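Trainee: I am new to this structure and would like a close look at one part of it. Could you walk me through the spaces inside the protein, starting with the place where the ligand sits?

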Amino acid sequence: MRVAIAGAGLAGLACAKYLADAGHEPIVLESRDVLGGLVAAWKDEEGDWYETGLHAFFGAYPNMLQLFKELGIEDRLQWKQHTLIFNQPEKPGVLSRFDVPDIPAPFNVIMSIIRNNDMLSWEQKIRFAIGLVPAIVRGQKYVEAMDKYSLIEWLRRQGIDERVSSDIFVAASKALTFIDPDQVSATIILTALNKFLQERYGSKIAFLDGSPTERLCQPIVESIQANGGEVHLLKPLKQILLNPDGTVRGFLMRGLNGAADETITADAYVSAMSVDAMKVLTPPEWRELDCFKKLDGLEGVPVINLHLWFDCKLTQIDQLLFSRSELLSVYADMSVTCKDYADPDRSMLELVLAPAKDWINRSDEEIIAATMGELKRLFPEHLSGENPAQLRKYQVVKTPRSVYTASPGRQAYRPDQITPIANFFLTGSYTMQQYLGSMEGAVLSGKLAAQAICKADLAESVRQDLQAVA
Ligand SMILES: Cc1cc2nc3c(=O)[nH]c(=O)nc-3n(C[C@H](O)[C@H](O)[C@H](O)COP(=O)(O)OP(=O)(O)OC[C@H]3O[C@@H](n4cnc5c(N)ncnc54)[C@H](O)[C@@H]3O)c2cc1C
């Protein structure tokens, strides 16, 4: 079965890989000149990589870890010490750690919380633990039902102290969704917490040993090609062409640089584009169908990824850090955490700026100046005083619409991978799957779409066999 897939982000690539593994012929069509979508990366003129996003992998990513195993590239995941590290805004330069001991879940996470006395008092810990009881006892059903509340509303309903919300949840919310806790659905954070509490190594973090484009996307492409599939860059989908019955007749691809448009035909078609692109390309004939109408309830959230190269070392910490600063979310010194970006003498900080709605239209210079102001509080020793570290160069990567905005009520708008159109499927981390808008969610959604296509193909061949017998 030939399957045309628009989009070579992780969802499109995973979908193609699993279709090719199952003996089908996927053809992936990506609009840009780079693989990976939100994990795409580029090299500057000096050969240094810069990325769309600082990406952390978690132990609670079963489908992603399985994919690494299938590709034979597990050694590319650099697992860090099992700990979560937070900056303390009131104590510049001082870090607070939640060290997770190597004992079964959920006791390991509970122990890490009990042992941390910088960020939570005993009273706050007890209130927090009591507040979490319904999520633990009633499980995912309860977690899904909490989508009607923002995280802050949910915390208030549980009687959880304001300080817990400001200390831990601002950081978690900004890191997981790029928005603040008063804007984010309680379901998102509770889902992540549940995964971390259920799995011994769920909250353990790994970094890829190089750029995701080269070290993760390229091996997926090689696997697709080795099994008879194709992946093409610079192939933007322009229009979804329909048959009179509303099914897909073909993908009309925009011809670039004066080339003519071309039509790609297949037995099945998949959108692995972001939800914002899919909304624009939804054929008018489909717009009243519930599955496509509800896409209007989803929208990509702005985020900015920063890279700052310094002339000396600012830190030796080999881990993701939660900045807890107003402007920034998580960051890491990639010269320490990532093998391919390693530099023994000079730091390269990669930082996520979120929420970014007030910054996305500002100049790179303004963004860097504000970031340097905040970094002075995170690294007072190196960035203040008489001989501060010098910024050698920087890169600012703005993504005006990244993962879907995970505000309250969005779960109802996330579509299934199967649509009412018999030969058309959706994939992407915004589609319904049990993980949030994440790399794990993208890979899982790609796998689910591939499974749905294989099942539809099987049903069709059974139907044809029965017809032949009749
Ligand atoms: C700053 C940042 C940090 C992040 N950090 C993490 C993290 O630490 N951990 C984590 O798990 N996740 C993280 N994420 C989220 C993760 O990157 C995404 O959830 C995931 O990569 C989404 O993959 P996708 O395939 O669903 O969508 P996308 O990556 O958006 O892929 C869609 C693809 O479709 C293509 N496309 C669009 N229009 C067309 C068209 N007309 N024709 C053909 N192709 C088209 C796009 O170019 C793109 O390649 C982060 C994201 C960002 C932006």
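Mentor: Happy to; we will begin at the ligand, go on to the cavities and a pocket, and end with a few backbone details.

Please keep in mind that this is a predicted model. Start with the ligand, which has 36 residues around it. Of these, E30, L38, H55, Y61 and S429 come nearest. In the shell around the ligand you will find 19 nonpolar residues, 14 polar ones and three charged ones. Three helices each supply at least two residues of this shell: α1 (10–21), α9 (275–281) and α14 (439–469).

Now look at some polar atoms facing the ligand. Y61, already named among the nearest residues, has a polar side-chain atom 2.6 Å from an oxygen atom of the ligand. The backbone takes part in such pairs too: a polar backbone atom of L10 is 3.2 Å from a ligand oxygen atom, and a backbone N or O atom of L54 lies 3.2 Å from a ligand nitrogen atom. On its own the ligand has 1000 Å² of accessible area, and the protein covers 91% of this.

Next come the enclosed spaces. There are three cavities of 30 Å³ or more. The largest cavity holds about 70 Å³ of space. Its lining is made of E51, L54, H55, F57, F207, L208, G210, P212, M334 and C338. You have met two of these names already: L54 has the backbone atom that lies 3.2 Å from the ligand nitrogen, and H55 is among the residues that come nearest the ligand. By class, seven residues of this lining are nonpolar, two are polar and one is charged.

The second largest cavity has a volume of about 60 Å³. Around this space you will find Q140, E144, T187, I188, T191, Q411, R414, Q433, Q434, Y435 and L436. Two elements, α4 (122–145) and α7 (186–198), give two or more residues to this lining, and α7 has the largest share, with three residues. The lining divides into three nonpolar, six polar and two charged residues. Why does this cavity count as lying between two domains? Both domain 1 (2–58 + 208–299 + 406–469) and domain 2 (96–203) give residues to the lining of the second largest cavity, so it lies between them.

Let us turn to a pocket. The second largest pocket contains about 310 Å³ of space. It is lined by 17 residues, and those nearest its centre are I179, D180, P355, A356 and K357. In this lining, nine residues are nonpolar, three are polar and five are charged. Domain 2 (96–203) and domain 3 (303–399) each provide at least three of the lining residues.

One of the residues nearest the pocket centre, P355, also deserves a look for its backbone. The peptide bond from A354 to P355 is cis, with omega near -10 degrees, and P355 is in the loop between β18 (348–353) and α12 (364–378). Another cis peptide bond runs from A105 to P106, with omega near 0 degrees; P106 belongs to the loop between β8 (95–99) and α3 (107–115). Finally, find F178 in the loop between α6 (162–177) and α7. F178 is not a glycine, yet it has a positive phi of about 65 degrees.

Technical notes. Residues are numbered from 1 along each chain as its sequence is written. This is a predicted model: local features need pLDDT of at least 70, side-chain atom pairs count only at pLDDT 80 or more; totals for chains, interfaces and linings use all residues. Side-chain values use heavy atoms; hydrogens and water are left out. A residue is near a molecule or strand if one of its heavy atoms lies within 4 Å of it. A polar contact is a pair of N or O atoms within 3.5 Å; within protein, one must be able to donate a hydrogen and the other to accept it, and residues adjacent in sequence count only if both atoms are side-chain atoms. Accessible areas come from the Shrake-Rupley method with a 1.4 Å probe; for residues, only the protein chains shown count as cover. Helices (H or I, at least four residues) and strands (E, at least two) are DSSP runs, numbered from the N terminus. Ala, Val, Leu, Ile, Met, Phe, Trp, Tyr, Cys and Pro count as nonpolar, Asp, Glu, Lys and Arg as charged, and the others, Gly among them, as polar. On a 1 Å grid over the protein atoms alone, a cavity is a set of points where a 1.4 Å probe fits but cannot get out, and a pocket is an open set with protein on both sides within 12 Å along at least five of seven lines; lining residues have an atom within 4 Å of a point. Grid points are joined across faces, edges and corners, and a volume is the space filled by probe spheres set on the points. Domain bounds come from an automatic or database domain assignment.
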